[in-house]
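Student: I'd like a close look at one helix pair in this model, and then a walk through whatever else is worth a stop. Could you take me through it in one go?

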Amino acid sequence: MIGSSLLPSRFRGEQPASQTVAPSWLNKKVTPLLQVLSRITSTHPIHTIVIVALLASTSYIGLLEESLFDAARSVRKAEWSSLVEGSRLLRAGEDTAWKWQPHEADAPIPPNADHLALLTLVFPESMSTDPFKAPPLVNAVPIPQNLSIRELPTTSNSLTTYSQDSALAFSVPYDQAPEFLSIAQEIPNGTPSQETRETESGREKKMWIMKAARVQTRSSLARWAKNAWVEFIDLLKNAETLDIVIMALGYISMHLTFVSLFLSMRRMGSNFWLATSVLFSSTFAFLFGLFVTTKLGVPVSMVLLSEGLPFLVVTIGFEKNIVLTRAVLSHAIEHRRPEKGSKKAEPSGSLIQSAIYVAIKEKGFGIVKDYAIEVGILILGAASGVQGGLQQFCFLAAWILFFDCILLFSFYTAILCIKLEINRIKRHVEMRKALEDDGVSRRVAENVAQSNDWPRADGKDQPGTTIFGRQIKSTHIPKFKVLMVSGFFLVNALNFCTIPFRSGESISHLSSWARGLGGVVTPPPVDPFKVASNGLDIILEAAKAEGRETIVSVLTPIRYELEFPSIHYDLPHNVDQNEDAAFGEYADYGVGGRMVGSILKSLEDPILSKWIVVALAMSVALNGYLFNAARTGIKDPNVPDHPIDPKELAEAQKFNDTESATLPVGGYRPPPSPPSVPPTPALTDDESEGSQSASKTEPQSSGQPLVMRSKEEIEKMLLEKRAHELNDEEVIALSLRGKIPGYALEKTLKDFTRAVKVRRNIISRTKATSDLTGMLAHSKLPYMNYNWAQVHGACCENVIGYMPLPVGVAGPLVIDGQSYFIPMATTEGVLVASTSRGCKAINSGGGAVTVLTADGMTRGPCVTFETLERAGAAKIWLDSEQGQSVMKKAFNSTSRFARLETMKTALAGTNLYIRFKTTTGDAMGMNMISKGVEHALSVMRSEGFEDMNIVSVSGNYCTDKKAAAINWIDGRGKSVVAEAIIPAEVVKTVLKTDVDSMVELNVNKNLIGSAMAASVGGFNAHAANIVAAVFLATGQDPAQVVESANCITIMKNLRGSLQISVSMPSLEVGTLGGGTILEPQAAMLDMLGVRGPHPTSPGENARRLARIVAAAVLAGELSLCSALAAGHLVQAHMQHNRSAPPTRSTTPAPLANGTERSASTTALSAAALSRARR
């Protein structure tokens, strides 16, 4: 266990669940520091990102000064000590059976052995069709007479044809090789009529010049890419096959790691930006680490980076970023819902920071520990003394991980903060637009969207916008954009301007220590047989013939390039003598001129110029992404993120289980004693306080008469639109005289609660109804402490109060693998308890499964024509492909969410009925469809049906709020089927009956009985009971219970278990608009996790609510039918009609010995008695 704890978490695998252990001492010290850092960065995310980008840009420019990425720079030079790097030694003699064997570089050379150097001179693209690039002949190579040089045949490989390179091979005594290569640095080009150029020394021709002898000159990005590609091809041609395979696997694994990162972030709801931000964070850490490493004097080459970085990415991965992201987003979802018992909502900024704070408290120390372990391993590698670049790369990788850890809790935390803020803004905008599409006014839609947000920064219900927890005004956004753009230019300008003043030497005492990590990084050793197989065969034959032991040093192929000498040897200016010249024509202007020259010189750099363009594009994208709320979202909250715990489910059932859960749905149970509390409805505690405060502030309530203004003065104030300054009695008097209409009180008084109170008084004093309504002003109908702003203009007119309904919860009920408490608003006793009993039975069988078979709200307008011929032509056109296409295009143009699916037409004389069926997102959608239908019909008129007369947008062919066979057959709204399988033992113990009795009762009652009554959609026991209760609790349209309760209940005996299903083809629900915008109803939708629009899939919340309603109906049907089958219902009604309260002992139930259940069973048939015994 101790050993496994020292491994990073990604290598430990899935650990078994263990008891919570108290945090260690180190954990208590480290975690608060991480939380402080993350709190600072999440409070100022934009500042954090800008500062990190500034530092990364500075590091990059510092690397440019070191010429790390200079296309002409190479660790190797035209010197023997540099050219011999990467060579391989081979030995052949009698002891090796005259076969080549590797010879250690550190091993001494035997005195009687011949030591040869095998040189390969490569001339790139000399085999091409270009006549000016012909390869030099052997006799063109300058060979001194005093050197023993032997020509050898060259060795080709599979890439030679592709690269079109030619080569010359020579064997030279090892001690003569340096002299030969210094002389062979230039080889004349013998091509006739070759290209020439004029120089100060005269006319010169191109020559084949050793590439390693080229001086360092500023080159273009194209040249850098070309040289990198050439070096890559050389690596493939010369390296060993095993090395190539390992590197290929490393790069493939690295790219698979990138793909895995994007897939992981996509599963958490971000398709692109979070994964890209992780890559940016890692890139910045790489720049910081590389900058520090080079400043400390540790040599790093492009070869080392290209070989080591893939394995660093694969080994370390991005698991820490993914873990932190998952924790933050999960806690953000949890924090969106207020905690139980919380009295004051936290501001949105505090909630975002709190989610990050809790996530870091949970995961931060583990992440830091993994970083520390990995950095420690890399430090051991840097101190290991292993040559070949391992020390240098471990040193670099340790710094990269150090900075990656810091950036994870600063830069990336700021990105996550922005992500959460964007989701909040996006949700707000989408909800407001969806409500506007559904016909709600912009003011009401904005209020509802604000109430659906995380609570505002100030914790008050004042309008406004918050960004990162701060209240902002509309004027702040353009200022912010200007500051962002100007800040970006200022950052880059500061970087450019400071280039001339930067010192090339820093941290000298650390540099001297760091240089001890190793010398120059050596290139990878070559494969001698791929480079010079043919030459080695010739040398081996000669050695074998002479019987002399031979050692051969096979050098890395030496590349040449065809170039003018004056260009190739263009030496840099002497800085000491020409310091001013380096700044060009601006040198005469002193420091300012040097600064300008430095800026222009920096802009010439090809990579830096591309970086500026990319950074500008990123800045624009960030602004657009932040303020237009790009389409990203957090994980779907409806999808369960963990399996259901049976113990937790049992505890929840026990919490909500009552002794009446086994009783049938019946009449009201009278209380055993008179109530000791005021009857419902009554004022709440808050309302009582409000009433008391109101009585203190209003003098008229204490009996003291108010000073009334004159009639002329009152009417003058009304004309001046100062009616809100009048007292209540003056407003009432004006309204009774007809000066202020009742519907205009809210607008006139500018106070919704006061308007409701005044309206109650006006109705009480209206003479025509005063004998009935005189007590309204002081009635028990509550009106205080209600958010009337959301009601006004959206839900109700002429408001005089609100009607409290008791709301209970049935359940929990497992639906499609997730547990729900079902809110039910009802005054029918035992309904909630009975439904809970059904939930308990369903859960015992594994829960309910639902299938949504259709989704489409309908509207059926009626149009008419003068003749049947014209009506028939319109029907044929609507049914045609052209008509369907035209109408769909017209309809869909009216809304972002409404999409026309099908049209069904029917003729009745000259009347044509058109049934539009459309999706409406998460709204129920009647207003949305009506708008689309009106526009589609107007387009139809312009398509040659000018004589069409629109009778009504709704021609009862929808059909809305009426029982109709078309809804039962074709469906309307959501069509859902829910099923559950109840084990026989559960039917017996929980439902107090048996499977066969349930099946028989369902056939005789719900199927045959309903058919005898010619019912349409009423093949159920009491589906409307549950539908109405859930509709009232969740803000649905109660009138639509008529068609939404269409249901057929089917029961079967499935291998001894009870299989029950309900099919509901016309459930009309929505989670947006209508009564769902009211705060109490929205709270119930929040409890189900379906409030408002779905963040990523429009319509999914409404579909989920339909599944929940169908499953609740399933539970209600199961419980009531079991009560009927057991014979409880009639007896329960009889008991409820008595004055004495029923007890548990009087509840009828089957006896254990299988005898008659009660005296009522004595008249049953023999078959019924036999079934009862079974």
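Student: Is the crossing of α9 and α14 right-handed or left-handed?

Tutor: The crossing of α9 and α14 is right-handed. Keep in mind as we go that this is a predicted model.

Let's stay with that pair for a bit. Helix α9 covers residues 273-295 and helix α14 covers residues 411-437; they pack at an angle of about 160 degrees, with their axes 10 Å apart. An angle over 145 degrees counts as roughly antiparallel, so α9 is roughly antiparallel to α14. On the α9 side, the residues doing the touching are Leu274, Ser277, Val278, Phe280, Ser281 and Phe284, and they meet Phe411, Tyr412, Ile415, Leu416 and Lys419 of α14. By type, the residues of this contact split into eight nonpolar, two polar and one charged.

For contrast, look at another helix pair, α37 (residues 1023-1034) and α39 (residues 1079-1088). Here the packing angle is about 110 degrees and the axes are 7 Å apart. Angles from 65 to 115 degrees count as roughly perpendicular, and α37 and α39 are therefore roughly perpendicular to each other. Leu1032, Ala1033 and Thr1034 of α37 make the contact with Gln1081, Met1084, Leu1085 and Leu1088 of α39. Those residues come to five nonpolar, two polar and no charged.

Staying with α39, there's a residue to pick out in the loop between β24 and α39, namely Val1069. With a relative accessible area of 2%, Val1069 is buried. Its C-alpha atom is 7.1 Å from that of Gly973, although the two residues are 96 apart along the chain. Setting aside residues up to four places away in sequence, Val1069 touches Ala923, Met924, Lys974, Phe1031, Gln1036, Ala1102, Leu1105 and Ala1106.

Phe916 makes a good companion case, this time in a strand: β19, residues 911-919. Phe916 is buried too, with a relative accessible area of 0%. Its contacts, leaving out neighbours within four places in sequence, are Met857, Thr858, Arg859, Pro861, Met887, Phe891, Leu900, Thr902, Met903, Val933 and Ala936. One of these is Met887, which lies 29 residues from Phe916 along the chain, with 9.9 Å between the two C-alpha atoms.

Now for some backbone geometry you may want to check before building on the coordinates. Two peptide bonds are worth a look. The one from Gly811 to Pro812 is cis, with omega near 10 degrees, and Pro812 is found in strand β14, residues 807-815. Another cis peptide bond joins Cys958 and Thr959, with omega about -10 degrees; Thr959 is found in the loop between β20 (949-952) and α34 (965-970).

Then there are a couple of phi values to flag. Trp98 isn't a glycine, yet its phi is positive, at about 55 degrees. Trp98 lies in the loop between β1 (88-92) and β2 (101-102), and it counts as buried because its relative accessibility is 16%, with the cut-off for buried at under 20%. Arg1055 has a positive phi as well, near 50 degrees, and is likewise a residue other than glycine. Arg1055 lies in the loop between β23 (1047-1054) and β24 (1057-1067). At 75% relative accessibility, though, Arg1055 counts as exposed.

Stepping back to the whole chain, there are 42 helices and 24 strands. Of the 1174 residues, 47% are buried. Among contacts with a separation of 6 or more, 76% come from residues 24 or more positions apart.

Finally, the confidence picture. The mean pLDDT of the protein chain is 74, and 67% of its residues reach 70 or more. Among the elements, strand β17 (residues 862-864) has the highest mean, 96, while helix α23 (residues 685-697) has the lowest, 39. Two stretches also deserve a flag. Over residues 10-19 the pLDDT is below 50, and beyond near neighbours in sequence this stretch has eleven contacts in the model. Over residues 571-596 the pLDDT is below 50 as well, and that stretch has 20 contacts beyond near neighbours in sequence.

How values were computed: Residues are numbered from 1 along each chain as its sequence is written. This is a predicted model: local features need pLDDT of at least 70, side-chain atom pairs count only at pLDDT 80 or more; totals for chains, interfaces and linings use all residues. Side-chain values use heavy atoms; hydrogens and water are left out. Helices (H or I, at least four residues) and strands (E, at least two) are DSSP runs, numbered from the N terminus. Buried means under 20% relative accessible area, exposed over 50%, partly exposed in between (1.4 Å probe, protein chains only). Axes are lines fitted to C-alpha atoms, for helices over the stretch in contact, and angles run from 0 to 180 degrees between N-to-C directions. Angles under 35 degrees count as roughly parallel, over 145 as roughly antiparallel, 65 to 115 as roughly perpendicular and the rest as oblique. A crossing is left-handed if the near helix is turned anticlockwise from the far one by less than a right angle, and right-handed if clockwise. Contact means heavy atoms within 4.5 Å. Ala, Val, Leu, Ile, Met, Phe, Trp, Tyr, Cys and Pro count as nonpolar, Asp, Glu, Lys and Arg as charged, and the others, Gly among them, as polar. pLDDT is the predictor's confidence in each residue, from 0 to 100.
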